[in-house]
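This briefing goes through a protein structure by looking at how certain side chains meet, cover one another or face outwards. Please keep the sequence and the structure in view while reading the points below.

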Amino acid sequence: MLIVTTGAEAADSFLDKYILNRMDMRTGMPSNAVTDIFADSNGFVWVSTFGGGIARYDGYTFFSPMIYNMGFAPKSNSCLNITEDHFKRLWISYEEGTDVVSLNTMQKVTPQGDERLDSVLSLPSVRVLADSKGAMWLVARTYIYYIEFDDEGNIERMLDMPYRSNTPSIMLRDVDASGKVWAAIDGGLYELSAENGRLVKREVDKMLQPLYGHYITDFLRRGNSTWVSTDHGLYRLNNQTREMTHYSHAADAASLTHDYVTCLALSDDGTLMAGTLGGMSLFREAENVFERWTASTPGFSLGSDFVSNIMVANGQIWVGTETGGISKLMPRELLTRNYSNNEEEGSLSANAVNAIYAEKNGTLWVGTVEGGLNRRAPGERQFRHYTKANSALTHNSVSMLEADKYGSLWIGTWGGGLCSISMGNPQAVTPLTLDSAYTRLTQHVGVLKYDAVNDALWIGSNDGVFLYNMKTQQMEEPFDGNRYVRGCIGAVIDREGYLWIGCITGVRKIFLKSRDSKTGKFVCEQYFYRLDDPSSQMLEKISSFCETKNGTLWIGSNEYGLYKRERDNDGKDVFRRYTVQQGLANNSVKGIAEDKDGMLWITTNNGLSKLNPKTEVITSYGDNDGLMCQQFYWNSAVSSDDGEVVYLGSTRGLTELLGLNEDKVKRNHLSFTRVTIDNQDVVADGRNLDEDITVAKRLHLRAGDKTLNVEFSALNYGNERTGTYKCRLTGFETEWTQLQRGEHSVRYTNLPSGDYRLEVAYLSDTGVTEDAQIGLDISVSTYFWRTPWFWSAMILLLAVAGAYLYKRRIALLKKREERRLMEPIEKVFRESENPEELQTRIQDMLHIQRKLKESSTKTAAVDEQRTIANTRPFMEQVMEAMEANYNNSEFGVTELCDALGMSRTLVSRKLNAEVGVPTSQFIRDYRLDIAKRLLQSKGSQRNIAEIAFGVGFNDPKYFTRCFTKKFGVSPSGIDVPDDSSAEAGDGD
């Protein structure tokens, strides 16, 4: 981090390199009493506390097993510290004992290989440590245990040794990364190692014996020195000179903040940091003094002066306190050099910077409000001043600077017209002499732009747009209505030869090659209203322009954000708008500049924004990121010729933006962090997940699971604002959904049975990287009685049963019919004495039988026609069911099939035949159509969330995605029909 204030001593405070983020119970921590902070190998941060147990932090939420179902129950709310072995197992020390938890499942485990481990884990614990060689050290109240593992993570050997201590805690540290740990035990400081099947204790250094009467709290090596913290101050042993130095608290602000030093750590740049009961002491080697950081540090207050522990990870410094939670230092994002007026000769003139011009040779010209003109030669830090008092400058408010091809720098002022100065020989300022009429019209200059095509200088003022002809040295009226263009500010000439001029009534676009040879007039287009929506009739106020190296034109509005000029199919200009909703710092844009990497830097009325044109990710910055001031002024962004430096003008001075801070590490370790089904946390118990969601590859939803919510994080811990997420559920949707800045979860409701894949990508300000894309396979099962195999079996069973019953009934009927037919025949034969009469009677009986059969056939045909006439159409039944139940969020495919009394397969086949869409899509489309009619009918009274719930969606964000996908416009963008037009039409 480089911050320089010209004219004064360079700021050298350690804290100047960082921004501060405070976390405590108000931000979700389970307790403010922090005992330890630990980063695991999956990228998560674990916080140990007194009173709140442990919590896993993902940059957004503190997940505590006491509140969330994480898969395991901690031993107590008093957690001492956490470490991780080489087999992805957390070892968690409590006063009541030690837990071992698998990071893969979040279930408690016990390493196998030594049956004594169970009893050791149940002993009251003091501290756990994993050394650099993979062994685990566990400190109980009276014994220290050493545990080695084989390649499978099973215990290979376990050693122990007794110790004594009268201190509340024991510090262990693998100081030399050798597997030999230092321990403050037995009244001294010793090195412990496993040798020949036992633990061996050796004194670290006899020179440290004077400390043995103190409570030794921590120790480390830094360079050639050994540092030891105690309850009586801090000691430094020079291992070369063998000299011992004692640092203690005193009234001097350069001394320790307190004599009771609790912990030590080294920052990434090697700065020694000591936590005490009076705050943080930051050692400054060159001066051999300490810089203090306490709860009373102005603008940078520590959460509490009772510091308990320090963790340094990925360029960030985490400070845990006993009563104030965590104070986290993050490297500032920007490399800047600031210039302001400090009343010394050579400093930048006072007040707001209003104009900047950078020559190719590195010379910088800066105009300020009521401060005159400043010139800084290449390689220098001092400015030369031009004012009304020491030059012919006509006014001290310099509002515009522009160079021509003759080597002159033109100076526009706010109240004094125009001047010029030779850039090659910058000795004298020359006022521009005009006749009285044009002198009056060009007093307040907001635009100067040299036109090489016509060898002329375009001048925009508060009273119009004019053209100064370099050859004739005369003013001209360049187009009809030029004097009605008021409040000109900002201009650019694009590569197609168009001059764009901003003003308080939009923008004017002038074709520089269209000059009429007779009248001298140019063709001028006018854009009065909001560029992306002219029909809104909202007057536009354009203030800045930038054409990038690839020819893209960017336009800044003083009220409506940033525009990107694009072309439609007919080649006409159309504009895409970016606002605070996309991450812009403020909608009042003051300047735009492109750096060497193609990034756009946008100054606004309340902060600086960087836009990556490739990913369209916008990141915003403020005072905490190295800016002298986040309120920028007009014409406040200019790039050097090579794009290495971007000059920014604010109300307090000038900032040179030299790029991004390379020390600021962005991990982009994207991970799923939580999943809930029907608002219940899902753990790795085999029902839905086999592994914890942080490492899981597959999630299973059972039939009847209604809602699925998945959370994720890039694990940046403070850098979340530099990017956004996008996601899609393949198998359900094809397009990516871009989430709003700050959103880090996605929700789905009533997913049909099938296989899906949830894909999530993190878009940082530099784009999507390989480790910033993750996926989760999701399978949704169906009820067993709705599966194809079940229905196939049922159909087969019914067919067999039907065939059997049919055959049995036919046989029975046949027997009955035969018996019925034979009885009268037999009777006739018995009673009749005439054979001819018998034959006649038999023929009559057969005729009657044939008539009965014909009658039965006709009756069946009539019954079939009546049945068809009385059957209601299928779609009429469907629409009736939807009309009665569309507002019920629980009414889905299953419920529709039940209402129709049909199987899922039959309903799907019929709907596909009738309307050509699956059942779930038909239900969703029906609800969306009703929502659209409600939105159009409610007008200004419409409430999108209320309408979403009213048509059966229980998630407004999911409703908005579905609505936008179907109709191509968001719910808030639905047009309301004009009532007057409708009434007029009815009258006709």
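K17 is partly exposed, with a relative accessible area of 24%, and it is a useful place to begin, since its side chain meets that of D269 in a salt bridge with a distance of 2.4 Å from N to O. The model described here is predicted, and the points that follow are grouped by topic, from charged pairs to aromatic rings, and then to single residues and the surface.

**Salt bridges**

- The structure holds 44 salt bridges, and the pair formed by K17 and D269 is one of them.
- K17 lies in the segment before β1 (18-23), while D269 lies in the loop between β21 (261-266) and β22 (272-276), so the pair ties together parts that are 252 residues apart in sequence.
- D269, the acidic partner of K17, is partly exposed, because its relative accessible area is 46% and the partly exposed class runs between the 20% and 50% limits.
- In another salt bridge, D186 pairs with K201, and the closest N and O atoms of the two are 2.7 Å apart.
- This pair links distant parts of the chain, with D186 in the loop between β14 (181-185) and β15 (188-195) and K201 in strand β16 (residues 198-203), 15 residues apart.
- The two partners fall into separate classes of exposure, as D186 is buried with a relative accessible area of 13%, whereas K201 is partly exposed with a relative accessible area of 35%.
- K206 forms a salt bridge with E203, in which the closest N and O atoms are 3.2 Å apart.
- With 60% relative accessibility K206 counts as exposed, while E203, at 28%, counts as partly exposed.
- Salt bridges can also share partners, and in this way E496, K509, R565, R567 and D573 are joined into one network.

**Aromatic rings**

- The structure holds 42 aromatic pairs, and two of these show contrasting arrangements of the rings, stacked in one case and edge-to-face in the other.
- In the pair of Y57 and F62, the ring centres are 4.1 Å apart and the planes stand at 15°, so the pair is stacked, and both of these residues are buried.
- In the pair of W318 and Y717, the ring centres are 5.6 Å apart and the planes stand at 75°, so this pair is edge-to-face.
- W318 lies in strand β26 (residues 316-321) and Y717 in the loop between β59 (707-713) and β60 (723-730), so the pair ties together parts that are 399 residues apart in sequence.
- Both partners are covered by protein, since W318 is buried with a relative accessible area of 2% and Y717 is buried with a relative accessible area of 4%.
- Ring pairs also link F732, Y748, F953, Y958, F959, F963 and F967 into a cluster.

**Charges over rings**

- R961 lies over the face of Y748, at 5.5 Å from the ring centre, and Y748 is also one of the residues in the cluster of linked rings.
- K726 lies over the face of W736, at 4.8 Å from the ring centre.

**Two buried loop residues**

- L208 lies in the loop between β16 and β17 (216-222), and at 2% relative accessibility it counts as buried.
- Leaving out residues up to four places away in sequence, L208 touches L189, V228, L237 and M244.
- One of these contacts is with V228, which is 20 residues from L208 in sequence and 8.8 Å from it in space, C-alpha to C-alpha.
- N396 lies in the loop between β32 (384-386) and β33 (398-403), and its relative accessible area of 18% makes it buried, because the buried class covers values under 20%.
- When neighbours within four places in sequence are set aside, N396 is in contact with T368, V369, E370, G371, G372, T387 and K388.

**A nonpolar patch on the surface**

- Y806, I810 and L813 make a nonpolar surface patch of about 300 Å².
- Of these residues, Y806 lies in helix α3 (residues 788-831), and Y806 is exposed, with a relative accessible area of 58%.

How values were computed: Residues are numbered from 1 along each chain as its sequence is written. This is a predicted model: local features need pLDDT of at least 70, side-chain atom pairs count only at pLDDT 80 or more; totals for chains, interfaces and linings use all residues. Side-chain values use heavy atoms; hydrogens and water are left out. Patches are made of residues with over 30% relative accessible area and no salt bridge: like charges are joined within 9 Å, nonpolar side chains (Val, Leu, Ile, Met, Phe, Trp, Tyr) within 5 Å. Accessible areas come from the Shrake-Rupley method with a 1.4 Å probe; for residues, only the protein chains shown count as cover. A salt bridge is a side-chain nitrogen of Lys or Arg within 4 Å of a carboxyl oxygen of Asp or Glu. Helices (H or I, at least four residues) and strands (E, at least two) are DSSP runs, numbered from the N terminus. Buried means under 20% relative accessible area, exposed over 50%, partly exposed in between (1.4 Å probe, protein chains only). Rings of Phe, Tyr and Trp (its six-membered ring) pair if their centres lie within 6.5 Å; planes under 30 degrees apart count as stacked, over 60 as edge-to-face and the rest as tilted. A charge sits over a ring if NZ of Lys or CZ of Arg is within 6 Å of the ring centre and within 35 degrees of the ring normal. Contact means heavy atoms within 4.5 Å.
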